[in-house]
Amino acid sequence: HDAAHLEAVRQYCVQKWKRNCYTSVRNSSLIVIVELKMLGDEKAYLTGLAQELLGELGTAFPEDRVYLGIGRCYENILNLKRSFYEARAAMIMSILEESGNTAIHYDDLGIYKILLLQKNKKELLQFYLETSGRVDAYDQENHTEYLDTSKAYTACGFSIDQTAQRL
């Protein structure tokens with residue numbers, strides 16, 4: 001969207017949350033950081049707040065498709081960057097699923113938490129070593145091709161016949 005349109009959405013968010021809202025426009029996206037005093041279930045509260053915001057934005061800007069990602073809450077401001085990247089990963093999943101006008105919380109990403117966060121190289125390596133890495137090591141030690149067979153089976157839509165033809 002053009003800068004004027006994003007500015008209108010930004011102003012809307014600032015008016016809604018008054019002084020507890022910090023905003024920035026970056027790469028055609030609006031970043032909204034809200035300072036909250038949390039009591040109880042943070043995830044449920046934030047998801048409800050996001051759904052309320054989506055409803056209001058849908059009314060105020062009906063031509064827009066809004067993708068909203070929610071990062072985890074942290075007590076220390078030093079973790080703000082981490083929360084930002086978590087929210088960004090959740091937003092990317094929303095875009096990939098084409099689920100506009102819904103809010104996705106980072107904790108709901110499952111395995112995609114590892115795949116979507118660029119900063120998680122250690123976690124991704126650990127996940128590989130715990131899963132495919134073990135099969136790969138077995139294949140190398142025993143001169144088998146279980147990992148290649150598994151990849152082919154997955155690529156062939158879990159069809160034994162198609163996998164056999166491919167291999």
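Where does asparagine 101 lie? Hold that thought for a moment, everyone, while I set the scene.

What we have here is a predicted model, in which local features need pLDDT of at least 70 and side-chain atom pairs count only at pLDDT 80 or more, while totals for chains, interfaces and linings use all residues. Residues are numbered from 1 along each chain as its sequence is written, and side-chain values use heavy atoms, with hydrogens and water left out.

Back to the opening question. Asparagine 101 sits in the loop between H3 and strand E4 (102–105). A word on those labels: helices (H or I, at least four residues) and strands (E, at least two) are DSSP runs, numbered from the N terminus. At 39% relative accessibility, asparagine 101 is partly exposed; buried means under 20% relative accessible area, exposed over 50%, and partly exposed in between, with a 1.4 Å probe and protein chains only. Setting aside residues up to four places away in sequence, asparagine 101 touches Gln51, Leu54, Asp64, Arg65 and Val66, where contact means heavy atoms within 4.5 Å. Take Leu54 from that list: leucine 54 is 47 residues from asparagine 101 along the chain, yet their C-alpha atoms are separated by 6.0 Å.

Now let's step back to the whole chain. The secondary structure comes to 8 helices and 4 strands, and reading along the sequence you get α-β-β-α-β-α-β-α-α-α-α-α. The chain has 167 residues, and 26% of them count as buried. If you take contacts between residues at least 6 apart in sequence, 42% join residues at least 24 apart.

On to the inside. In soluble globular proteins, nonpolar side chains tend to be buried together. The term I'll use is nonpolar core: a set of buried Ala, Val, Leu, Ile, Met, Phe, Trp, Tyr and Cys residues joined through side-chain atoms within 4.5 Å. The largest one here has 13 residues, and those with the most contacts inside it are Ala50, Leu53, Leu54, Leu57, Leu68, Ile70 and Ala103. H1, H2 and E3 are the elements that give two or more residues to this core, with H2 giving the most, 5 residues. Apart from it lies another core, of 7 residues, including Ala90, Met93, Leu109 and Leu116.

Next, the largest pocket. The search runs on a 1 Å grid over the protein atoms alone, and a pocket is an open set of points with protein on both sides within 12 Å along at least five of seven lines, as opposed to a cavity, where a 1.4 Å probe fits but cannot get out; lining residues have an atom within 4 Å of a point. The space in this pocket is about 1800 Å³, with grid points joined across faces, edges and corners, and the volume being the space filled by probe spheres set on the points. Its lining has 50 residues, and Ile31, Val32, Ile33, Gly69 and Ala87 lie nearest its centre. Helix H1 (3–17), strand E1 (21–26), strand E2 (29–34), helix H2 (42–60), strand E3 (67–70) and H3 each give two or more residues to that lining. The largest share, 9 residues, comes from H3. By class, the lining has 32 nonpolar, 9 polar and 9 charged residues; here Ala, Val, Leu, Ile, Met, Phe, Trp, Tyr, Cys and Pro count as nonpolar, Asp, Glu, Lys and Arg as charged, and the others, Gly among them, as polar.

While we're on H3, which spans residues 80–96, have a look at serine 94 in it. Serine 94 counts as buried because its relative accessible area is 0%. Beyond its neighbours within four places in sequence, serine 94 is in contact with Tyr67, Leu68, Ser99, Thr102 and Ile104.

Finally, the C-terminal stretch. Most residues other than glycine have a negative phi, and most peptide bonds are trans. Histidine 143, not a glycine, has a positive phi of about 55 degrees; it is found in the loop between helix H6 (132–142) and H7, and is exposed at 73%. Phenylalanine 158 also has a positive phi, of about 65 degrees, and is found in the loop between H7 and helix H8 (160–166).

Which residues does tyrosine 153 contact, leaving aside its neighbours within four places in sequence? They are Phe158, Ser159, Ile160 and Thr163. Tyrosine 153 itself is in helix H7 (residues 146–155), and is partly exposed at 33%.

Thanks, all, and I'm happy to take questions.
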